[in-house]
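User: I'm new to this and would like to see how the descriptive terms get decided. Could you walk me through them?

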There are 2 protein chains.
Amino acid sequence: MNSQPKHDRRWTRRKEARPAELMSAALDLFVERGYAATRLDEIAARAGVSKGTLYLYFSSKEELFKAVIRSGIVPLIERGERLVDGHRGSSFELLQEIVHTWWESIGDTKLGGIPKLMFSECRNFPEIGRFYYEEVISRGHQLVQAVLEKGMKSGEFRRIDANYAMRMILAPLVYLLLWRHSFDFCDGKPVHPEKYLDQHLDLLVHGLKPGAGQGSGEKKRGETAKIISMEKRGRR
Amino acid sequence: MNSQPKHDRRWTRRKEARPAELMSAALDLFVERGYAATRLDEIAARAGVSKGTLYLYFSSKEELFKAVIRSGIVPLIERGERLVDGHRGSSFELLQEIVHTWWESIGDTKLGGIPKLMFSECRNFPEIGRFYYEEVISRGHQLVQAVLEKGMKSGEFRRIDANYAMRMILAPLVYLLLWRHSFDFCDGKPVHPEKYLDQHLDLLVHGLKPGAGQGSGEKKRGETAKIISMEKRGRR
DNA sequence: TATATTACTGACCGCCCAGTCATTTACTCG
DNA sequence: CGAGTAAATGACTGGGCGGTCAGTAATATA
């Protein structure tokens, strides 16, 4: 981690670089082991400093955690929002572009571990959970929803509830991240992300195409499958 | 939790009921706070016993965790497998039936917290992770994949890679559970599960329908959206 | 080179909690 | 009812880890 330990000095002053290095090390370990199971000594060691140094830059473990999340997500959403604003072309192309960019700049990056971390810990740190929800999740939701609504308005997509459709778009993306950061290691033939995302987009483009019946519960022709809405079934 | 504390006794002997009650309490707390953040004293208290009693039935915290997972999932998969075997009718109907049953007997139950727990902890307990993968995940995958393949063979679904399509089916289901057990609490308008699942099935039935181009990267007509395969793009 | 400054260290502290066990209480059986 | 057994208790312990701080080593200044 230390760039070049000049000569044979035991350590060098690197006031500027420390926080970023510590946060990077912390993110790695938090994602791998979870917040509680990660020792501050380990984080410090991975960043090439002692635990005491960590406390020069972060006042507590929780503050370090917050900083990791904050600094990790700041660039993310903004980038997505700029992408949507600047786009000219079909809504589906935009959707593809978003997925691609997301994968390359987040998913396939160590930042891709953050969602797993947040899902695991948001109940233990409601303040951070709420922050993450406000600053990342809800903005991400709005972003995708806007694309869907634009596509529906132009007639490119059929009319469906954008809020729920948005979740159908995001679920496989988030799921991919969670998978890679948890069970991927025991899978015989690991998931190939590019193929996975292609498949997802392919199913979406067909599922969203207009002219095949609107909304749930309706079907255009007398097909074999008749949709039984869960809403009408008795609850447990 | 104790059924009836007879008379004014300080406690009663309930050798048979203790393990189940302890596991139930443990599942609640593990799901809510995570494995590490859950205290054995709390589990015992919720089950109405002292910590010492817990150790009469489980030799360690980790053994308790294993037992919780094991006992929680034994009934689950088998039920699904019986469902598939006994089904007569279209593949999509079967898919619906699976989703409904899953939701009612697992998703909308405290068992629905197990996936979150496993995703969070499987890296810290590789042995349990592997067990869960073998006994639940891979069997669940095979189950859904079999339905897809049957549907493709009969021409009800278009031909696509069943392994990846299976993941597209499961992702929103698992995602629903994770959501409910983590961020749901900070959502202004919470997700309505029945509507969510209906929407999912609706998108699927359209996305899987044949006669709209096969596989990713192909489109039948000159539509606005042209699919750019991620496979062909440069990697990060 | 001498002095002042400060980034950094690592031994140390105290709390917390998994795990133990001697004792107490409930039940069983004759 | 009384003796024997098994279930349950809760005070205790030991280790681990978050957090501290007096001291040390690197750098700045002159």
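**Reading the terms**

Analyst: Three helices each give at least two residues to the surface near DNA strand D: H2 (40-46) and H3 (51-57) of chain A, and H3 (51-57) of chain B. Helices here are DSSP runs of H or I with at least four residues, numbered from the N terminus. This is a predicted model, where local features need pLDDT of at least 70, side-chain atom pairs count only at pLDDT 80 or more, and totals for chains, interfaces and linings use all residues. Residues are numbered from 1 along each chain as its sequence is written, while chains are lettered from A and ligands numbered from 1 in the order in which they are written.

User: Which residues come nearest to DNA strand D?

Analyst: Gly52(A), Lys61(A), Val49(B), Gly52(B) and Thr53(B), out of 24 around the strand. "Near" means that the C-beta atom, placed from the backbone, lies within 6 Å.

User: What makes H8(B) largely enclosed?

Analyst: A residue is buried if 20 or more other C-beta atoms (placed from the backbone) lie within 10 Å of its own. In H8(B), 16 of the 19 residues pass that test, so the rest of the structure largely encloses this helix.

User: Where does H8(B) bend?

Analyst: At Leu170(B), by about 30 degrees, with Pro172(B) following within four residues. The bend is the angle between axes fitted to the seven residues ending there and the seven starting there.

User: How are the two copies related?

Analyst: Chain B lands on chain A after a rotation of 180 degrees with 0.0 Å of shift along the axis (RMSD 0.1 Å). The copies are thus related as by a two-fold rotation axis. They're superposed by least squares on C-alpha atoms of residues with pLDDT of at least 70 in both.

Methods. A residue is buried if 20 or more other C-beta atoms lie within 10 Å of its own, exposed if 12 or fewer, and partly exposed in between; C-beta atoms are placed from the backbone.
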